[in-house]
Amino acid sequence: MSMLRFIKNWTLSFSMLTGAAAYFLYVNLHFLDGTHAAVGTALEYIQPLLIFCMLFISFCRVSVRELKPRAWMLKMLAIQSISFVLMGLMLIVMHDASEQTRSIVESAMICMICPTATAASVVTSRLLGNPNTVVSYTCLINLTASLLVPAVVPFLHEGAHAGMDFETSFLLIIGKVFPLLIMPLLAAWLARHLFPRFHRAVLRRKNLAFNLWAVSLALAIGITVKAIVHSGVGVWTLAGIAAVSLIACIFQFICGRIIGCHHVEPIAGAQSLGQKNTVFAIWMGYTFLHPATALAGGFYSVWHNIVNSWQLHRQRGRG
């Protein structure tokens, strides 16, 4: 196997390694120290733009008529919602719990309620699953999280924004979700009906969404490594957050596959429940909960991409 083909087959793994290595290389090139602020600002725009483009390409391949919610999706919504609420109630009862315990439990809460990743439909297509189902569930869980997080989090009395009311929290989350979920869908619909030649050109580039995801993943891992290095969190707390995020990842992939198997959608079920929008999880952590919980999204990003790399490897083996 040529080196180029090897790298292509293990794109996600190389993206993760590249992101981590690029961060350590960048911070140790001291003549670039003066660029840190500018690069940080640029990444705040580049990442959402990449996500927008990925979703736009995915939505170009999906007809709006095909985005029908399925009854079995209620089971996955129940898993995410009930676990999130139960852990929230546990923290309310354990109001005198240590900061370490609260951080770990809140990390688990984030991992459970976090919406489906915008790239999940791309991976589902690669695994020969149904991307339409994933897009439908992505819309449902984003709406659910937008309602549930503001309803539960204020009772936890944690984080700098714990005192905000439901309306403010809801608008904050919708403001984060709308541009990166609804706008690409509208843009794809307009392209399909108003610019058919451009729409066909997008459809011809079958690997474009996957390649954009590889770049986005490298950036996300670099940001994750930075967050872990500069977190100032104790080793045991860090280990606890890493552990609960791994358990949540494995649990949700397995539950999603089991539910999906019962409805002939094993791949879509697993990706819908297991692959998370970790950028949103990180934002949700430092906005609504204890700042250390933002690390849960970073760790989850590593775990679910390892799972995806393994699944893609198995799919190539079958092919």
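This is a short walk through a few helices and residues of the structure above. Please keep in mind that the model is predicted.

Let us start with helix α2, which covers residues 11–28. Its 18 residues should span 26 Å at 1.5 Å a residue, and its end C-alpha atoms are 25 Å apart, so the two values agree. Which residues of α2 are buried? They are T11, L12, S15, M16, G19, A20 and Y23. These buried residues cover an arc of only 170° around the axis, which means that they sit on the same side of α2. A general point about helices helps here: an α-helix has 3.6 residues a turn, so residues three or four places apart point the same way. If you now look at the face of α2 turned away from its buried side, you will find the exposed residues L17, L25 and N28.

The next stop is helix α3, residues 36–60. This helix has 25 residues, and the distance from its first C-alpha to its last is 36 Å, close to the 36 Å expected at 1.5 Å a residue. Its buried residues are Q47, L50, I51, M54, L55, F56, I57, S58, F59 and C60.

Helix α3 also has a partner to look at. Two packed helices are described by the angle between their axes and the distance between the axes. For α3 and helix α10 (residues 208–229), the axes come within 9 Å and cross at roughly 150°. Because angles over 145 degrees count as roughly antiparallel, α3 is roughly antiparallel to α10. The crossing of α3 past α10 is left-handed. On the α3 side, the contact is made by L43, I46, Q47, L50, I51, C53, M54 and I57. On the α10 side, it is made by L208, A209, L212, W213, V215, S216, L219, A220 and I223. Q47, L50, I51, M54 and I57 of α3 belong to this contact and are also among the buried residues of α3.

Now move along the chain to helix α14, residues 294–318, where you will find S309. Is S309 buried or exposed? Its relative accessible area is 6%, so S309 is buried. Leaving aside residues up to four places away in sequence, S309 touches W10, L12 and S13. One of these, L12, appeared earlier among the buried residues of α2.

Our last stop is H290, in the loop between α13 (278–288) and α14. With 15% relative accessibility, H290 counts as buried. The C-alpha atoms of H290 and S107 are separated by 8.8 Å, while the two residues are 183 residues apart along the chain.

Definitions and conventions: Residues are numbered from 1 along each chain as its sequence is written. This is a predicted model: local features need pLDDT of at least 70, side-chain atom pairs count only at pLDDT 80 or more; totals for chains, interfaces and linings use all residues. Side-chain values use heavy atoms; hydrogens and water are left out. Helices (H or I, at least four residues) and strands (E, at least two) are DSSP runs, numbered from the N terminus. The expected span of a helix is 1.5 Å times one less than its number of residues. Buried means under 20% relative accessible area, exposed over 50%, partly exposed in between (1.4 Å probe, protein chains only). The arc is that of the directions from the helix axis to the C-beta atoms. Axes are lines fitted to C-alpha atoms, for helices over the stretch in contact, and angles run from 0 to 180 degrees between N-to-C directions. Angles under 35 degrees count as roughly parallel, over 145 as roughly antiparallel, 65 to 115 as roughly perpendicular and the rest as oblique. A crossing is left-handed if the near helix is turned anticlockwise from the far one by less than a right angle, and right-handed if clockwise. Contact means heavy atoms within 4.5 Å.
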